[in-house]
Amino acid sequence: MTLAYAPRRDLVSKVRRRMTQHYAARPAKLAFAEPVLSITFDDFPASAAIEGARILERHGARGTYYTASGMAGVEGPCGMGYAAPDIARLAAAGHEIGCHTSSHADCAQRDVFTTLEDLAHNRDALRRMGAPAPRSHAYPYGETKPQVKDNLPPRFMSARGILPGLNVGATDLAQLHAYPLFGPGGMDRVMKALKRAAKRKAWVIGFTHDVADTPSPWGTRSDELESLLTEARRLDFVILPVTAALERRLA
Ligand SMILES: [Zn+2]
């Protein structure tokens with residue numbers, strides 16, 4: 001997600017987006033022994049690396065940081081970006097460093113080869129920062145297209161979009177559903193999703209950017225993140241990074 005850039009909203013783009021979402025490039029049937037929650041941070045701001053990680057770790061949990069190597073140390077609307085040393089520290093603490101392209105470009109608007117180069121560039125930059133090659137991906141702005149979904153590097157076990165929904169049963173691993181942990185009604189919606197997921201033993205993925213007492217419009221209040229994790233534990237969720245959650249699937 002974010003920010004100064006807005007994906008196209010004309011009719012043709014909307015139809016293409018819908019068709020892309022319905023095209024399952026990596027169909028799977030997901031089942032879990034217990035409900036699962038993954039907390040993911042996109043871009044990501046320094047506050048996610050510090051405050052976000054601190055809150056997760058206090059609950060014995062770890063998150064997934066979808067990292068755009070080009071955003072290291074860059075100030076944006078969600079605050080100052082992460083610093084390169086955050087990557088090795090988060091990875092050493094057991095958090096997952098995922099891919100979010102290096103350039104944070106809209107992958108629906110570029111040819112697939114440019115996107116694949118971008119993914120490789122990000123992998124190399126993250127390795128230099130001390131992270132293993134990412135095994136998960138999140139599309140910037142949630143935007144993608146069938147050719148990108150078809151040609152994702154095999155090392156990615158999953159790619160995440162921004163369409164809300166539970167991940168259980170018939171699922172496209174090339175465009176996992178995720179709930180925003182921000183915006184009007186965002187936290188209410190994910191709290192309700194937790195209750196549904198608890199009954200179905202489903203996988204809920206939440207995504208956000210900054211974490212602070214007074215976050216940006218694309219970020220989450222610290223106490224709301226606390227409440228979400230407390231509620232998830234009360235409902236007997238396991239809280240895992242995205243790839244660890246997938247590795248726990250029964251089918
Ligand atoms: Zn983003």
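**Helix H1 and the largest pocket**

The largest pocket has a volume of about 260 Å³, where a pocket is an open set of points on a 1 Å grid over the protein atoms alone, with protein on both sides within 12 Å along at least five of seven lines. This is a predicted model, in which local features need pLDDT of at least 70, side-chain atom pairs count only at pLDDT 80 or more, and totals for chains, interfaces and linings use all residues. Residues are numbered from 1 along each chain as its sequence is written, and side-chain values use heavy atoms, with hydrogens and water left out.

**Pocket lining**
- Lining residues are those with an atom within 4 Å of a point, and of the 15 that line the largest pocket, Ser-13, Arg-16, Arg-17, Ala-108 and Thr-144 lie nearest its centre.
- Helix H1 gives the most to this lining, with six residues.

**Helix H1**
- The buried residues of H1 (under 20% relative accessible area, 1.4 Å probe, protein chains only) are Ser-13, Arg-17 and Thr-20.
- Seen down the axis of H1, these buried residues fall within an arc of 65 degrees, so they line one face of the helix; the arc is that of the directions from the helix axis to the C-beta atoms.
- The face turned away from the buried side carries Leu-11, Arg-18, Met-19 and His-22, which are exposed (over 50% relative accessible area).
- Helix H5 (146-150) is included in what covers the buried residues of H1.

**Annotated span**
- The UniProt annotation "domain: NodB homology", from an unreviewed entry, covers residues 35-251, a span that is 36% helix and 20% strand, with end C-alpha atoms 14 Å apart.

Conventions: Helix = DSSP H or I, 4+ residues; strand = E, 2+ residues; numbered from the N terminus. Contact = heavy atoms within 4.5 Å. UniProt positions renumbered as here; feature names shortened; annotations may be inferred. 1 Å grid on protein atoms, 1.4 Å probe; cavity = no way out; pocket = protein on both sides within 12 Å on 5 of 7 lines; lining within 4 Å. Points joined across faces, edges and corners; volume = space filled by probe spheres on them.
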